[in-house]
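Hi,

Here is the structure I promised to pass on. Have a look at it first, and my notes on what turned up are underneath.

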Amino acid sequence: PGFVESSCRSRIFWMKLNKLLLQGKFFQLEISDPYAGPILLDEKLASRCGYVLSEDVWGNPVFRASVLGCHVNNEADELFSLTVNIKVSSFSSMRAAVTYTYPMYCSYSSWASREIVCEENYMEVSVKTDVPAVSNDYTVAWMSALPETQNVAYQLWQLMFVSPSGRKRITVSDAAKLGYSFDNTLYRVYLRAPYHSNESDVSMVNGVNMNMVTSTSMYRQRWLLLLIDTTISCPVDGISFTDTTLAWTVPSVIPTLVVQESTFLSKNIVMGIDDQVIVNPEERNYLLEHNKTHIRITIPIGAEGGKLKSSVSDGVYGVIYSIDLFLEHTWTDADWQTTKYTVIKSITTPFMPQIPTVINNTLPEERLFNVAFGHFLPDVSLVAITIGNVPFTLREAQHHGFKIYETPFSNRTKGFILEVSFDDPYILKEYVNRNETKYTLLVNYTISVGPEMTLYYHSAEVECVIADIEIPEAVGYCDEENLYLAIPTSGLHQYWNLYLGNKLLNRHVALSNGYLAATNSTHLILQVPLFAVGVMYEEVSFQKIKARFDVALRKVRTMETLQMFSVSCSFNSSAFIICHPDGTVTVSAQMKTVPAIDMSKTKLRDSSCKPREYNEGHAFFKFHVTTCGTSVRFEGDHIIYENEIFYEKETLPGQSTPKITRDPDYRLTVLCYYRAKETLVLGAFASDPSTSPSFGSGTMVSRPHIAVNRRIRRALNIVSRMSKDESFVDFYESNVTILKQPVEPVFLEVELKDKSPSTELFLENCWVTGSLDFNSTPRWNITVDG
């Protein structure tokens, strides 16, 4: 029970075996002959005897047999029986097989005058033996066959085939050797022929190729000469496909079967699937249509009754649709009265690529990737995934914390849901925009396809950008000598870095600039001395400095500035020197002498340079390094500018030496240090000297008066070179053309070759011209007025 089911349809035995009960086993079919015993069914026997062994679209073995088959018991052309032995074994050699005997019975009494069956592996025609004589109007073709009939053997059926190669007359026994089967029953004569035999011909009828065997069956007995037209014609193609449908076309009128087309009348057209007639095809979205030339059945791909099967071709996933159809066409004409024409066709579409889709149902508010992957047929299963570059079996993935489960889709398809947390270590995280993170899930699916379990791989990339990063806020404060910035360490070096100008503010830079950096559990605390490099002086006046220190918060990868952290304070300082990058020097000098000096009478080397403000103990000067008698010298990598604040002795007039002085002799030396290779380059970008960051370092030392030599203008022996960058290590060769954009910096080195110790080099005006002539034009200035 449940292993075998059978039915009768279109004078054919139908038997189906349940594949589930045959899993892992082997089977054979034997035809039980009451006289010869069991006969093993093979391919050659099947086509000659009217048997078909195949599978339906679901993989169940199917056996069909004509009721006119070789071993069928026929009772008066009305009752038919056939017994099949089903042998099942666990071994391919079929040893220790179990045999199930299955008898089948069919009744079929309403025979048409001519019945034609076009099976998968044979064509069969049967006609009543009482077919009336051909009318006198169509005797010519028959009369041409009469000379052949004179040689027909007495009381022996013979067949005459007509093909493009000519006429061929053979006995029934010889025809059997060629694969044909001819016999008669109580009321009928039938001929069964294989497709594409030597005696057949292929012709096109209304666009459909037909395989045709034109034959006449002949029998001679005393005064009786019986000639029976046993011509068969069956379609061998007529299948067409679109992306959504398949169509099967059969000619309505087949000329070789209908001699008098004017008398042709179509009576009934029926379609079916497997062995079941479809009464209302439109209910299943099938389309059965016919006209004077064609009968066409159109089936939507994936429709009920057929089967979609998953497949992989050249690494591409797709589907194949199969369906088993049959068509019955009944017509009448003047020659044959009624003809019943049955065609059985198993149709399979070509491979149809179906690229799976990845549906992003990610939930940003829950920080959870939710990705659906489909659509797949039920014969597909997910066997593994790879996240990033790490492979996981399904068990490993579940154990790690990934959630994987199936979900049903429409049209009887399914998909696979994958859920992964944003915070999973295998998720790629990238800081983007100002306060957003881009989370990227890289997944590669491994799919097992079909009963063959073919592996298919599909990769996907899913991104989600959410605003989940809080830009830190800094706190600034000051004491009497330092500025402080407290900056949260969360995200530091991971998303962003601190920059001082264009330099990364790391521990080395902080130490070299005199900063102190300390961290606690939440903050980085930066201590910056008032006169350290990087401090900007917004206001410098007598005994008051308004200073500001800026740090830029920049993204790690793109260097984009996200935030500027600034601390600004005012300081009361009695003594200071500030060397601005543009060469301006501001000095608040404290001179404690006994007796006290009159600060209003202090001055620089150039006596015209007086203090701008003063009180009893302090004097405030502001001057440029190119004025007030300032001298310059080089020490290592530094340029040192030097001036002096001094107080001239006042003398009383007298007749002779000595002179009497009221005030002491006092000198205060002012020094400003600049890095030689950076001064002009960086100073060139300072727009406002009052708000530019301090660049040089200044020192004031008290020492004896040193006379200042006046410079005398004369031609000097100098050599200049152009460096490729600010390192002044790699220089361009001489006589080489150098292209520069107007906004690009130019790095020049000018060397004084004069060995006189009293000679100093100042670059007052530097320019570029097109020739060696100093007066040539046009000229492009590099520096003007030093």
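**What I found**

Lys 168 is partly exposed, with 34% of relative accessible area. Before going on, please keep in mind that this is a predicted model. The side chain of Lys 168 meets that of Glu 199 in a salt bridge, 2.8 Å from N to O. Lys 168 sits in strand E13 (residues 166–171), while Glu 199 is in the loop between strand E15 (188–193) and strand E16 (201–205), so this pair ties together parts that are 31 residues apart in sequence. Unlike its partly exposed partner, Glu 199 is buried, at 6%.

**Other salt bridges**

How many salt bridges does a search of the whole structure find? The count is 26. Another one to look at is between the side chains of Arg 11 and Glu 115, at 3.0 Å from N to O. Here the pair links distant parts of the chain: Arg 11 is in the loop between E1 and E2, Glu 115 is in strand E10 (residues 114–118), and they are 104 residues apart. Are these two buried or exposed? Arg 11 counts as buried at 3% relative accessibility, and Glu 115 counts as buried too, at 2%.

Then there is Asp 730, which forms a salt bridge with Lys 724; their closest N and O atoms are 3.5 Å apart. Asp 730 is partly exposed at 39% relative accessibility, and Lys 724 is also partly exposed, with a relative accessible area of 41%. Elsewhere, Arg 605, Arg 633, Glu 635, Glu 642 and Glu 644 are joined into one network by salt bridges that share partners.

**The sheet at the start of the chain**

Now for the strands. There is an open sheet of four strands in the order E1-E2-E6-E5, and the pairing is antiparallel. Why is one side of E1 and of E5 left without a neighbour in the sheet? Strand E1 (4–9) and strand E5 (51–55) stand at the edges and have a single partner strand each, so one side of each has no neighbour there. From one strand to the next, the twist averages 15°.

E1 runs antiparallel to strand E2 (residues 12–17), and six bridges join the two. If you want a spot to zoom in on, Cys 8 stands opposite Phe 13 in E2.

**Disulfides**

Cys 8 comes up again here. The structure holds six disulfides, and one of them joins Cys 8 to Cys 106, with an S to S distance of 1.5 Å. Cys 8 lies in strand E1 and Cys 106 in strand E9 (residues 98–107), so the link ties together parts that are 98 residues apart in sequence. The torsion about the S-S bond is -100°, which makes the link of Cys 8 and Cys 106 left-handed. Cys 8 is partly exposed, at 39%, whereas Cys 106 counts as buried, at 6%.

A disulfide also joins Cys 49 to Cys 70, at 2.1 Å from S to S. Cys 49 lies in helix H1 (residues 43–49) and Cys 70 in the loop between strand E6 (61–66) and strand E7 (73–75), so parts 21 residues apart in sequence are tied together. With a torsion of about -95° about the S-S bond, the disulfide of Cys 49 and Cys 70 is left-handed. Cys 49 is buried at 1% relative accessibility, and Cys 70 is partly exposed at 32%.

Further along, Cys 478 and Cys 569 form a disulfide, with their sulfur atoms 1.8 Å apart. This link is right-handed, with 90° about the S-S bond. Cys 478 lies in strand E39 (residues 475–478) and Cys 569 in strand E47 (residues 561–571), so the pair ties together parts that are 91 residues apart in sequence. Cys 478 counts as partly exposed at 27%, while Cys 569 is buried at 16%.

Counting bonded cysteines along the chain, the disulfides follow the pattern 1-4, 2-3, 5-6, 7-8, 9-12, 10-11.

**A patch on the surface**

One last thing to look up: Val 746, Leu 748, Val 768, Trp 780 and Ile 782 make a nonpolar surface patch of about 430 Å². Val 746 lies in the loop between strand E57 (718–723) and strand E58 (747–752), and counts as partly exposed at 32% relative accessibility.

Cheers

Technical notes. Residues are numbered from 1 along each chain as its sequence is written. This is a predicted model: local features need pLDDT of at least 70, side-chain atom pairs count only at pLDDT 80 or more; totals for chains, interfaces and linings use all residues. Side-chain values use heavy atoms; hydrogens and water are left out. Two strands pair if DSSP finds at least two bridges between them. Axes are lines fitted to C-alpha atoms, for helices over the stretch in contact, and angles run from 0 to 180 degrees between N-to-C directions. Patches are made of residues with over 30% relative accessible area and no salt bridge: like charges are joined within 9 Å, nonpolar side chains (Val, Leu, Ile, Met, Phe, Trp, Tyr) within 5 Å. Accessible areas come from the Shrake-Rupley method with a 1.4 Å probe; for residues, only the protein chains shown count as cover. A salt bridge is a side-chain nitrogen of Lys or Arg within 4 Å of a carboxyl oxygen of Asp or Glu. Buried means under 20% relative accessible area, exposed over 50%, partly exposed in between (1.4 Å probe, protein chains only). A disulfide is a pair of cysteine sulfur atoms within 2.5 Å.
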